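Work through the exercises below with the sequence and the 3D structure at hand. Each task is followed by a solution in steps.

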Amino acid sequence: MESAPPIRVCFVCLGNICRSPTAEVVLLAELERRGLRERFGVDSAGTAAYHLGKLADARTRRHAERRGYAITHRARQFGAEDFARFDYVLAMDRENLRNLEALRPSTFSGVLRLFRSYDPTVREDQDMPDPYYGGDEGFERVLDYSERAAAGFLDRLRSEGRIP
Ligand code: 4NP
């Protein structure tokens, strides 16, 4: 039997060095746990170009590492042409979402929405708070929220019959 095409997901924040690379590794780990890794392509990008080509923020990598997530992504900027490459473009906050909506071509037939909207324990319109200018707790919060939203996202796709 032919296998279904992969479901392509891109997480998008502002700098692509804190929130979206975290969400990327958390979803990948959840896919591994569920035996679904080969059904997905997962990436991340930023709406801004401040940190192009850089590894994720050292604090982001350190907090992720402590939970067993290795982040090796290098920052890149999300462009209008990226919409053709993804089925799900998941924004970290409402500002990222507005910027993506302005870039979105009319031909995009995928899903563009806030990542945390898949967390069944929070209201629909919740941001992933930006940890960049804060302390350790902000980076832990991004991990906690990403783990809940990633599980919720896969639960949703399963309930829609897109994945087992
Ligand atoms: P991110 O965090 O959008 O989660 O990667 C930030 C990274 C860098 C900056 C702001 C937020 N910055 O202003 O350089």
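**Exercise 1. A residue in a loop**

Asn16 sits in the loop between E1 and H1. The model is a predicted one. Determine whether Asn16 is buried or exposed, and state the sign of its phi.

Solution. Step 1: the relative accessible area of Asn16 is 1%. Step 2: the cut-off for buried is under 20% relative accessible area, so Asn16 is buried. Step 3: phi of Asn16 is near 60°, which is positive, and the residue is not a glycine. Step 4: for comparison with the general pattern, most residues other than glycine have a negative phi.

**Exercise 2. Helix H1 and what follows it**

Check the span of helix H1 (residues 19–33) against the expected value, and state how many of its residues are buried.

Solution. Step 1: H1 has 15 residues, and at 1.5 Å a residue these should span 21 Å. Step 2: the end C-alpha atoms of H1 are 21 Å apart, so the expected span and the model agree. Step 3: 13 of the 15 residues of H1 are buried, so the helix is largely enclosed by the rest of the structure. Step 4: just after H1 comes Gly35, with a positive phi of about 70°.

**Exercise 3. Strands E1 and E2**

Describe how E1 and E2 are joined, and give the handedness of the crossover between them.

Solution. Step 1: in strand E2 (residues 40–46), six of the seven residues are buried, so this strand is largely enclosed by the rest of the structure. Step 2: E1 and E2 run parallel and are joined by seven bridges. Step 3: within this pairing, Cys10 stands opposite Asp43 in E2. Step 4: the chain passes from E1 through H1 to E2, a β-α-β crossover that is right-handed.

**Exercise 4. Strand E3 and its partners**

Find which strands are joined to E3, and decide whether its two faces are covered or open.

Solution. Step 1: strand E1 (residues 7–13) is joined to E3 by four bridges, and the two run parallel. Step 2: on this side, Val9 stands opposite Tyr88 in E3. Step 3: E3 is also joined by four bridges to strand E4 (residues 111–114), again in a parallel arrangement. Step 4: the bridge partner of Val89 in E4 is Leu112. Step 5: for the faces of E3 (residues 88–91), Tyr88 and Leu90 are buried on one side, while Val89 and Ala91 are buried on the other, and both faces are therefore covered. Step 6: E3, helix H3 (residues 94–103) and E4 form a right-handed β-α-β unit.

**Exercise 5. Two residues and their contacts**

Compile the accessibility and contacts of Ala64 and of Pro129.

Solution. Step 1: Ala64 belongs to helix H2 (residues 58–66). Step 2: its relative accessibility is 0%, so Ala64 counts as buried. Step 3: apart from residues up to four places away in sequence, Ala64 touches Tyr69, Ile71 and Leu143. Step 4: Ala64 and Phe139 are 75 residues apart along the chain, and their C-alpha atoms are separated by 8.4 Å.

Step 5: Pro129 lies in the loop between E4 and helix H4 (136–159). Step 6: at 31% relative accessibility, Pro129 counts as partly exposed. Step 7: setting aside neighbours within four places in sequence, Pro129 is in contact with Arg19, Arg141, Val142 and Tyr145. Step 8: Pro129 and Ile71 are 58 residues apart in sequence, with 19 Å between their C-alpha atoms.

**Exercise 6. The protein as a whole**

State the order of helices and strands, and test the radius of gyration against the globule rule.

Solution. Step 1: the protein has four helices and four strands. Step 2: along the sequence they follow the pattern β-α-β-α-β-α-β-α. Step 3: the radius of gyration is 15 Å, close to the 15 Å given by the globule rule for 164 residues, so the protein is as compact as a globular protein of that length. Step 4: the C-alpha trace spans about 50 × 35 × 30 Å along its principal axes. Step 5: of the 164 residues, 49% count as buried. Step 6: among contacts with a separation of 6 or more, 70% are between residues 24 or more positions apart. Step 7: the protein exposes about 8300 Å², of which carbon and sulfur atoms supply 48%.

Notes. Residues are numbered from 1 along each chain as its sequence is written. This is a predicted model: local features need pLDDT of at least 70, side-chain atom pairs count only at pLDDT 80 or more; totals for chains, interfaces and linings use all residues. Side-chain values use heavy atoms; hydrogens and water are left out. Buried means under 20% relative accessible area, exposed over 50%, partly exposed in between (1.4 Å probe, protein chains only). Contact means heavy atoms within 4.5 Å. Two strands pair if DSSP finds at least two bridges between them. A crossover is right-handed if, with the strands pointing away from the viewer, the path from the first strand over the helix to the second runs clockwise. The radius of gyration is taken over C-alpha atoms; the globule rule is 2.2 Å times the number of residues to the power 0.38. Accessible areas come from the Shrake-Rupley method with a 1.4 Å probe; for residues, only the protein chains shown count as cover. The expected span of a helix is 1.5 Å times one less than its number of residues.
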